[in-house]
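Reader: I should like to be taken through this model feature by feature. For each one, please give the general idea before the particular case.

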Amino acid sequence: MRYDGTDRRTHLQVKGQGLYFFEEPIPADDLVPSPDGQWVLAHVQNQLYLLAMPAVGGEAPTVSVSGPSVPLKKITDIGADYFGWADDGKTIAWAIGASYFRQPLSSISFEPPKDEKKEGEKKDTDKKDGDAKDSDKDKKDSSDAKKDEKKEEKKPQKFKEQEKDVQEIAIDLELPRKTPKGTVVLRGATVVTMKGDEVLKDADVVVENNRITRVGAKGSAPSGAKVFDVRGKTITPGFIDTHAHWFEIRRGILDTQNWAFLANLAYGVTAGLDVQTGTNDMFAYQDLVDTGDIIGQRAFSTGPGVFSDNNFQSAEEVKGVLTKYRKYYGTHNIKSYLVGNRKQRQYMVQAAKELEMMPTTEGALDLKLDLTHVFDGFHGNEHTLPIAPLYKDVLQMFVQSGIAETPTLIVNYGGPFGEDYWYEFSEVHDNAKLNRFTPHRVIDEKTKRRPSWFRKDEYEFPKLAAQVAKLERAGGLVGVGSHGQLQGLGYHWELWMLASGGMSPLEVLKCATVNGSKIIGRPEELGTIEPGKLADLVIFDKNPLEDIHNTNTIHWVMKNGEVFEGDTLNQVWPEQKKLEPLWFWNNYDAPKAGEPLQYGKTAQP
């Protein structure tokens, strides 16, 4: 190419299935030509393709992977995270999760697999036989149904036929999970165990290493235990965010000071599920938390969502894609994000069941879509149901199916977002704790010169929260999700908005703890205060059972048996050490390390 770019030209465009309801094809995510310029690797619809580079005479050709005009081969059916050429173009290489794959270019054939030819011939034979034999409507319907079943059962062959030519190199790197050592007793608090309506007065909570070993009346402390006097305080299980988004993480290069994680932990969120991460970086961040290399909540995630651009034609195709998540990402949570028509959504549920995964989805402001999610067996449904009031038929449908509902009133449907209320009617910009854990530019972007202003009576979240309260009281599984709108404090806004619809503080706390553990698929480990559970706790100065707004009076947070100050995240057990200074503390208006923030008196919402 000339230095001035005057000889620049387009050689090739590759497109695939459109996303959501776009009728037009959308471009490939990335194209990488071979060193000799004869071949191109294309990442389209989450899969890796190989195609011949066409000779360019006039206008550059556009190739569709669904009807290619040049030799084209689908290389993967489970996807590829990264890809490129090796051995000077003689080998195709790609990676999924922690596995690296190689395939010689010479091993790839552009002829259709024999099984596909036989299947086509078999279909023609079946059709002729069916036309000859089925004379009445009932028999014809039965034959058609069987043909549909055979079509669905047909497995994709493109990757599997070439497995003998594909070398997989698994990068197995194991590190121990962070487990603190020592025994600590939290003595004299009111303990809201979340085992039903159980509330214990003047109780002990004993934690050994990272597990709860005893909960009950005060007794003798185990030998060598550290005793914390928490008389007058209230303890609940750690909060669980069932619809988190840690938007602000750095991607590609990991940030060992992940302030989004720090902010959530400081506000009592000890576990969360990011239900659409955009990239696979979140799995690496989760590992860093689990090994103790960074401080943060238990960071579960679905990984990147599965979208309609996959254009699934069978449950087996879905199973291929979900294998990437289950086997190579190691997650059992998956986000099915408007993957297509109802049949395609059913493929998603069917494949998820076979792989023992928990698919969550969302209704996109369409109650009819929400209801089909219930009928078809999804585990979770995200965001508010957009109709109010809800009546017994809909409520019981949700209850009897067992589907989880996370309303995210902070971005509710049908009116101004709930978050706007708190920016408008409470002081956020000068909140000292928030400024300690959030870069000031982020707070400025969210709080200064907001484009919308609404009267209080225009906000719809109390009306929507009232429907959620009816669902919870009918036995429905309701969670608390902050949608990543404001890391940490935004979760408390969601708690308070749930209460605005009539839920009692205990009901709200149930949604935030024990319900949350079921929704993210960890009820055996999290959600209640009882022996054997992981030691994730929040210790409040004021009792949230008396006023739900007291959730924002956090004195200490215990996560995995380690105790941190709520205002600072300085650790007080089993080690005593200050939080390392965060990079944005050097900003012009932030404190120096070890100095308090100087924003004046902060109004409490």
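Author: We start with confidence. pLDDT is the predictor's confidence in each residue, from 0 to 100. The mean pLDDT of this chain is 89, with 88% of its residues at 70 or more. The model is a predicted one, so local features are taken at pLDDT of at least 70 and side-chain atom pairs at 80 or more, while totals for chains, interfaces and linings use all residues. Residues are numbered from 1 along each chain as its sequence is written, and side-chain values use heavy atoms, without hydrogens or water.

Reader: Over which residues does pLDDT stay under 50?

Author: Where pLDDT is low, the predicted coordinates should not be read in detail. One such stretch covers residues 130–162, for which the model has 33 contacts beyond four places in sequence (a contact means heavy atoms within 4.5 Å). Another covers residues 597–605, with 17 contacts beyond four places in sequence.

Reader: How should I read the sheet formed by β20, β21, β22, β23 and β24: is its pairing parallel or antiparallel?

Author: Strands of a sheet pair through backbone hydrogen bonds, either parallel or antiparallel. Here a strand is a DSSP run of E with at least two residues, a helix is a run of H or I with at least four, and both are numbered from the N terminus. Two strands pair if DSSP finds at least two bridges between them. The five strands form an open sheet in the order β20-β21-β22-β23-β24, and the pairing is parallel. Its edge strands, β20 (333–335) and β24 (477–478), each pair on one side only. Strand β23 (residues 404–406) is joined to β24 by two bridges, and E405 lies opposite V478 of β24.

Reader: Which residues of strand β10 lie on its covered face, and which on the uncovered one?

Author: In a regular strand the side chains alternate between the two faces of the sheet. In β10 (residues 99–104), S99, F101 and Q103 make up the covered face, whereas Y100, R102 and P104 make up the uncovered one. Six bridges join β10 in the antiparallel sense to β9 (residues 91–96), and four join it, also antiparallel, to β11 (residues 167–170). F101 takes part in both pairings: W94 is its bridge partner in β9, and E168 of β11 stands opposite F101. The hairpin of β9 and β10 has two residues between the strands, and G97 takes a positive phi near 60° there.

Reader: Where else does a hairpin residue take a positive phi near 60°?

Author: N560 does so in the hairpin of β26 and β27, which has two residues between the strands. L569 does so in the hairpin of β27 and β28, which has five. Strands β26 (residues 554–559) and β27 (residues 562–565) run antiparallel and share four bridges, with W556 opposite E565. β27 is also joined to β28 (residues 571–573) by two antiparallel bridges, and V563 stands opposite W573.

Reader: How many residues of helix α9 are buried?

Author: Buried means under 20% relative accessible area, exposed over 50%, and partly exposed in between, with a 1.4 Å probe and protein chains only. Six of the eight residues of α9 (residues 418–425) are buried: G418, E419, D420, Y421, W422 and Y423. These buried residues pack against α11 (440–447), α12 (461–473) and α13 (489–499).

Reader: Which aromatic residues are linked into a cluster by ring pairs?

Author: Rings of Phe, Tyr and Trp (its six-membered ring) pair if their centres lie within 6.5 Å; planes under 30 degrees apart count as stacked, over 60 as edge-to-face and the rest as tilted. The structure holds 21 aromatic pairs. One of them, W583 with F584, is edge-to-face, at 5.1 Å centre to centre and 90° between the planes. W583 counts as partly exposed because its relative accessibility is 43%, whereas F584, at 2%, counts as buried. The cluster comprises Y421, W422, Y423, F425, F454, Y459, F461, W493 and W496.

Reader: Which ring does the charged end of K456 sit over?

Author: A charge sits over a ring if NZ of Lys or CZ of Arg is within 6 Å of the ring centre and within 35 degrees of the ring normal. K456 has its charged end over the ring of F425, 4.8 Å from the centre. Likewise, the charged end of K433 sits over the ring of Y267, 4.2 Å from its centre.
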